[in-house]
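Let's go through this one by asking why things get the labels they do. Each answer sets a value beside the rule and draws the conclusion.

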Amino acid sequence: MPAIASSAPGKMILFGEHSVVYSRPAIAVPFLGVKVKVTALANPLAPAGQVKIEAPDIGLQTTLDQLPVDHPIAIVIHAVIETLGIRSLPAVTLRITSSIPITAGLGSSAASAVALARAASSFVGYPLTNEQVSQIAFRSEQRLHGNPSGIDNTVVAYAQPVYYIRDKPIEFIKVAAPFTIVAADTGVSATTADMVNALRMRWQADPERHEGWFDRIAEIVDLARSIIEHGDCAELGPLMTRNHALLQLLGVSSAELDRLVDAALKAGALGAKLSGGGGGGNIIALVPAGSEESIAGALIEAGAVWTKSTVVSSRGDS
Ligand code: MEV
């Protein structure tokens, strides 16, 4: 069997993280400038059915039977086997490499699951559909995040901008005029599960106030959608900054995230917000085309450990 290579992009949540868990809408786009790549290489000399896993970025080198069954990688491979209705994979080495910063809000876990499901299914000659791959990635997200909305696996599997409400049909959105985003990493890692769980406790303590904030974010998301589809993208900036202020009220920002948001705005960004689970990880800033380098420089000066600029279009970004 020939070697198979599959990949999946990262993601950026432009508007609506966290409130999307509470059935409000959110908008996410694929982040094509970063990706997870999985190669599947036949191992004819290995015992039948042995699946070797190599993930050098996280120092993992093991076999499937050594992994706990609820490890996200094991969940994905068993789900592929179940979906395809086969007994096991032929002996294979699955090598996972990634340029997506981990626990940084950019979808590295969803992208790993999607790329792995694609590589394993293509290796046996039955590549799964985007929907099947998305469902499999959702199962591993459930293991990692407890109560994921499903937006991460959806945007990563379909690699298109989405307007997403949990348990509703996915709506793909057209980007009328491409716009430029700079992402910047605080270098602080925070797990989405912790952020989602902590917010749930605050929501349980004061549902009325939190529901009000979720509703205000939902209004921003709907306005943003119509702006994205009609092309006045500079108007997205103030909406991003307003969304960030509401995320602060929800308690999912941090001093480091706020510092980068302020630095982006001072350096000329049209708007900025945290993106993803928060608590650490990345901010995203909408910037005038041509100013990405100077704004990225200001973000590094303000403490960012990594920046990447990208142009968002109907395909995602470039
Ligand atoms: C994480 O990328 C987005 C959150 O809204 C969680 C979720 O939607 O599952 C924080």
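Q: Which element gives the largest share of the lining of the largest cavity?
A: That's α4, with 3 residues. Bear in mind that this is a predicted model.

Q: What makes a residue count as part of that lining?
A: A lining residue has an atom within 4 Å of a point of the space. The largest cavity takes up about 210 Å³, and 19 residues line it, with Val21, Ser149, Ile151, Asp152 and Thr192 closest to the centre. β1 (4-15), α3, α4 and α5 are the elements that give two or more residues to this lining.

Q: Why is this space called a cavity, and how many are there of 30 Å³ or more?
A: A cavity is a set of points where a 1.4 Å probe fits but cannot get out, so the name says that the space is closed to that probe. The count comes to 1 cavity of 30 Å³ or more.

Q: How do the residues of the cavity lining divide by class?
A: There are 6 nonpolar, 9 polar and 4 charged residues. Gly counts as polar under this scheme.

Q: What makes the other spaces pockets?
A: A pocket is an open set of points, with protein on both sides within 12 Å along at least five of seven lines. The largest pocket holds about 750 Å³ of space. It has 37 lining residues, and Ile102, Ser108, Ser109, Ser112 and Leu144 are the closest to its centre.

Q: Which elements supply at least two residues each to the lining of the largest pocket?
A: They are α1 (72-84), β5 (92-98), α2 (108-123), α3 (130-145) and α5 (192-205). The largest share comes from α2, which gives 5 residues. By class, this lining has 17 nonpolar, 17 polar and 3 charged residues.

Q: What lines the second largest pocket?
A: 14 residues do, and Gln135, Ser149, Gly150, Thr154 and Tyr164 lie nearest its centre. The space in this pocket is about 210 Å³. α3 and α4 (151-158) each supply at least two lining residues, and the largest share, 4 residues, is from α3. The classes here come to 4 nonpolar, 6 polar and 4 charged.

Q: Why are α2 and α4 called oblique to each other?
A: They pack at an angle of about 50°, with their axes 9 Å apart. Angles under 35 degrees count as roughly parallel and 65 to 115 as roughly perpendicular. The angle of about 50° fits neither range, and therefore α2 and α4 are oblique to each other. As for handedness, α2 passes α4 in a right-handed crossing.

Q: What makes α2 oblique to α3?
A: The angle is about 135°, and the axes are 9 Å apart. Roughly perpendicular stops at 115 and roughly antiparallel means over 145, so about 135° leaves α2 oblique to α3. This crossing is right-handed too, as α2 passes α3.

Q: How do you know that β2 and β5 pair?
A: Two strands pair if there are at least two bridges between them. 7 bridges join β2 (residues 26-42) to β5, and the two strands run antiparallel. Valine 36, for instance, has serine 98 in β5 as its bridge partner, and lysine 37 is partnered by threonine 97 in β5.

Q: What makes β3 a partner of β5?
A: The rule asks for at least two bridges, and 4 join β3 (residues 51-55) to β5, so the strands pair. They run parallel, and glutamate 54 stands opposite arginine 95 in β5.

Q: How do you know that β2 also pairs with β1 and β6?
A: Once again, at least two bridges are needed. β1 and β2 have 11 bridges in the antiparallel sense, including the one where isoleucine 4 has alanine 40 in β2 as its partner. β2 and β6 (residues 162-164) have 3 bridges, also antiparallel, and alanine 26 stands opposite tyrosine 164 in β6. Both counts meet the cut-off, so both are pairs.

Notes. Residues are numbered from 1 along each chain as its sequence is written. This is a predicted model: local features need pLDDT of at least 70, side-chain atom pairs count only at pLDDT 80 or more; totals for chains, interfaces and linings use all residues. Side-chain values use heavy atoms; hydrogens and water are left out. Grid points are joined across faces, edges and corners, and a volume is the space filled by probe spheres set on the points. Axes are lines fitted to C-alpha atoms, for helices over the stretch in contact, and angles run from 0 to 180 degrees between N-to-C directions. A crossing is left-handed if the near helix is turned anticlockwise from the far one by less than a right angle, and right-handed if clockwise.
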